Amino acid sequence: MNTIRALMLVLAAAMLILPGAARGEVYVEAYLGGLQGANSALNPTTAHQGGNGPIWDFTESHNIPGRLDPAVIGGLKVGTWFVKEGFLGFNYPDWMKYFGFYLDFSFHRLNFRNQTGNTVARDNVAAIIGLPGSSANTTNTFMSEGTAATLAFMFGGRFGFLPDSEIPFGRLQPYVAVGPALFFASQQPRLSSAAFNAFTGGFYPYTIKAPSNSCVTIALAVDAGVRWMCLKNVSLDVSFKYRFAEPSFQNAFADPLEMTPGLRSFSLNPAFHLFSGQVGVAYHF
């Protein structure tokens with residue numbers, strides 16, 4: 001919540017600064033849409049501590065498809081186009097009216113749906129002494145709940161069609177934009193699998209319930225859309241958004257198989273390819 005409040009303060013400050021631009025070319029937009037992410041394969045490893053040192057550990061390597069749930073995305077844009085009349089006192093050349101900048105803040109759920117994967121379970125002692133069958137295949141069940149907030153710094157270009165006396169640049173304005181972003185994400189994973197003991201030939205089921213973990217990483221954001229100027233000060237925006245981010249979540253968990261007190265850990269390192277479509281309404285100053 002503190003992160004979101006800080007971002008909203010940044011957006012509010014930008015709104016106070018931007019109205020120095022020419023009338024109608026500074027805007028604030030609210031939008032809502034749907035989001036879906038491409039599969040993001042996960043390969044966490046878990047280890048269960050033995051009573052007499054690391055060689056007594058059981059370890060498991062997991063392969064998880066990384067299927068994401070669809071989500072609703074909402075956000076706010078604050079931006080301007082670099083018009084000849086000037087922005088903050090600058091007298092831009094006429095050709096710069098085709099270019100602009102905006103801040104884009106968005107928020108949505110980021111959940112991995114309940115899914116089944118493959119686990120390779122290993123008995124370290126059996127492997128060290130050369131016992132045949134020191135590892136075996138089993139399955140795992142994985143899910144994780146989380147959120148993502150993105151603050152993108154977008155540099156855009158536009159073109160105008162259907163000009164008239166009220167909107168000289170054109171009522172129909174297709175645009176594209178690209179820029180870096182700060183990607184704030186959290187995850188709270190749950191993994192159920194089994195440890196393997198080669199000496200008994202048996203599997204020992206366990207469930208990991210890790211606490212929520214968050215991180216901030218640099219992301220890439222790309223937008224493409226079409227804006228329709230309904231009135232001089234009101235527009236509708238239909239847009240498509242793509243974001244790429246590679247966060248790293250370090251998760252500690254209480255080990256139900258552990259013979260000595262303490263916490264174990266495993267890492268989630270997904271590569272998120274997030275696609276969304278949204279519809280927005282903007283007010284132009």
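This text walks through a predicted model of one protein chain, from its overall make-up to a few individual residues.

The protein chain contains two helices and 14 strands. It has 285 residues, and 49% of them are buried. Among contacts with a separation of 6 or more, 75% are between residues 24 or more positions apart. The accessible surface of the chain is about 13400 Å², and carbon and sulfur atoms hold 64% of that surface.

The charged side chains are a useful place to go next. The structure holds 11 salt bridges. Some of these are linked in a network made up of Glu-29, Lys-77, Asp-104, Asp-223, Arg-227, Asp-237 and Lys-241. Three pairs within it can be followed one by one.

In one pair, Lys-77 and Asp-223 form a salt bridge through their side chains, with an N to O distance of 4.0 Å. Lys-77 is in strand β4 (residues 71-81) and Asp-223 is in strand β10 (residues 213-229), so this pair ties together parts that lie 146 residues apart in sequence. Both Lys-77 and Asp-223 are buried.

Asp-223 also takes part in a salt bridge with Lys-241, at 3.8 Å from N to O. Here the pair ties together parts 18 residues apart in sequence, because Lys-241 lies in strand β11 and Asp-223 in strand β10. Lys-241 has a relative accessible area of 3%, so it is buried, since the cut-off for buried is under 20%. The relative accessible area of Asp-223 is 3%, and Asp-223 is therefore buried.

A further pair is Arg-227 and Asp-237, whose closest N and O atoms in the salt bridge are 3.6 Å apart. Arg-227 belongs to strand β10 and Asp-237 to strand β11, so the parts that this pair ties together are 10 residues apart in sequence. Arg-227 has 2% relative accessibility and so counts as buried. Asp-237 is buried as well, with a relative accessible area of 1%.

What is the nearest side chain of opposite charge to Arg-243, and how far away is it? It is Asp-223, 7.1 Å away, and Arg-243 has no salt bridge although it is buried. Arg-243 is located in strand β11 (residues 234-245). Its side chain does have a polar contact of 3.1 Å with the side chain of His-108. Setting aside residues up to four places away in sequence, the residues that Arg-243 touches include Leu-35, Ile-73, Ser-106, Thr-150 and Phe-183. Also among them are Leu-220, Ala-221, Phe-272, His-273 and Leu-274.

The surface offers another view. A nonpolar patch there is formed by Phe-159, Phe-161, Leu-162, Trp-228, Leu-236 and Val-281, and together these residues have about 570 Å² of accessible area. One member of the patch, Leu-162, sits in the loop between β7 (135-158) and β8 (172-197). Is Leu-162 buried or exposed? Leu-162 has 53% relative accessibility, so it counts as exposed, the cut-off for exposed being over 50%. The phi angle of Leu-162 is near 60 degrees, which is a positive value in a residue other than glycine.

Two more residues, Thr-207 and Tyr-283, complete the tour. Thr-207 is part of strand β9 (residues 202-209). With 31% relative accessibility, Thr-207 counts as partly exposed. Its side chain makes a polar contact of 3.0 Å with the side chain of Ser-192. Thr-207 and Asp-255 are 8.6 Å apart in space, C-alpha to C-alpha, and 48 residues apart in sequence.

Tyr-283 is in strand β14 (residues 272-284). Its relative accessible area is 45%, so Tyr-283 is partly exposed. Which residues is Tyr-283 in contact with, leaving aside its neighbours within four places in sequence? They are Val-26, Tyr-27, Val-28, Asn-233 and Val-234. From C-alpha to C-alpha, Tyr-283 and Glu-29 are 6.4 Å apart in space, while 254 residues apart in sequence. Glu-29 was met above as one of the residues in the network of salt bridges.

Key. Residues are numbered from 1 along each chain as its sequence is written. This is a predicted model: local features need pLDDT of at least 70, side-chain atom pairs count only at pLDDT 80 or more; totals for chains, interfaces and linings use all residues. Side-chain values use heavy atoms; hydrogens and water are left out. Helices (H or I, at least four residues) and strands (E, at least two) are DSSP runs, numbered from the N terminus. Buried means under 20% relative accessible area, exposed over 50%, partly exposed in between (1.4 Å probe, protein chains only). Contact means heavy atoms within 4.5 Å. Accessible areas come from the Shrake-Rupley method with a 1.4 Å probe; for residues, only the protein chains shown count as cover. Patches are made of residues with over 30% relative accessible area and no salt bridge: like charges are joined within 9 Å, nonpolar side chains (Val, Leu, Ile, Met, Phe, Trp, Tyr) within 5 Å. Lys and Arg count as positive and Asp and Glu as negative; His and the chain ends are not counted. A polar contact is a pair of N or O atoms within 3.5 Å; within protein, one must be able to donate a hydrogen and the other to accept it, and residues adjacent in sequence count only if both atoms are side-chain atoms.
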